[in-house]
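Visitor: I have a model open and I'd like to learn how to read it. Could you walk me through it?

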Amino acid sequence: MICTICNGSFDPAALSLADPAVEVGHILAVEKYGDAGTVCAPCLASRGRLAMMYDPDLQY
Ligand SMILES: [Zn+2]
């Protein structure tokens, strides 16, 4: 798979949700952006970290 954000190749099957930032990013990808499976773990993590810092609606 090619990540739609950074255009790097990654393996969606190897995605680990052990990092809470990745988990939040993945939830956002599923529920908000609809692009789950097309974004790599580092990009999910940065999305998750930003959401946790700046989105008051998110309290995971
Ligand atoms: Zn990426």
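**Reading the helix packing**

Guide: Sure, and keep in mind that this is a predicted model. Let's start with how the helices meet: α1 and α2 pack with their axes 7 Å apart, at an angle of about 90°.

Visitor: How should I read that angle: is α1 roughly parallel or roughly perpendicular to α2?

Guide: Angles of 65 to 115 degrees count as roughly perpendicular, so α1 is roughly perpendicular to α2.

Visitor: Which residues make the contact?

Guide: On the α1 side you'll find A21, V22, E23, V24, G25, H26, L28 and A29. α2 brings A41, L44, A45, R47, G48, R49, A51 and M52. Sorted by character, the residues of this contact are 10 nonpolar, three polar and three charged.

Visitor: Let me step back. How many helices and strands does the protein have?

Guide: Two helices and zero strands. For overall size, look at the radius of gyration: it is 11 Å, close to the 10 Å that the globule rule gives for 60 residues, so the protein is as compact as a globular protein of that length. Its C-alpha atoms fill a box of roughly 30 × 20 × 15 Å along the principal axes.

Visitor: And what share of the residues counts as buried?

Guide: Here you count neighbours: a residue with 20 or more other C-beta atoms within 10 Å is buried, and one with 12 or fewer is exposed. By that count, 22% of the 60 residues are buried.

Visitor: Try that on V39. Is V39 buried or exposed?

Guide: V39 has 25 other C-beta atoms within 10 Å, so V39 is buried. V39 sits in the loop between α1 (20-33) and α2 (41-54). Leaving out residues up to four places away in sequence, V39 touches C3, T4, I5, A29 and L44. As for E23, which is 16 residues from V39 along the chain, the two C-alpha atoms are 12 Å apart.

Visitor: Now N7. Where is N7 found, and is N7 buried or exposed?

Guide: N7 is in the segment before α1. There are 8 C-beta neighbours inside 10 Å, so N7 counts as exposed. Check the backbone there too: phi of N7 is near 65°, a positive value in a residue other than glycine.

Visitor: Last one: what share of contacts joins residues at least 24 apart?

Guide: Take the contacts between residues at least 6 apart in sequence: 51% of those join residues at least 24 apart.

Notes
Residues numbered from 1 in each chain as written. Predicted model: local features only at pLDDT ≥ 70, side-chain atom pairs only at ≥ 80, totals over all residues. Helix = DSSP H or I, 4+ residues; strand = E, 2+ residues; numbered from the N terminus. Rg over C-alpha atoms; globule rule 2.2 N^0.38 Å. Contact = placed C-beta atoms within 7 Å. Axes fitted to C-alpha atoms, helices over the stretch in contact; angles between N-to-C directions. Parallel < 35°, antiparallel > 145°, perpendicular 65-115°, else oblique. Nonpolar A, V, L, I, M, F, W, Y, C, P; charged D, E, K, R; others polar.
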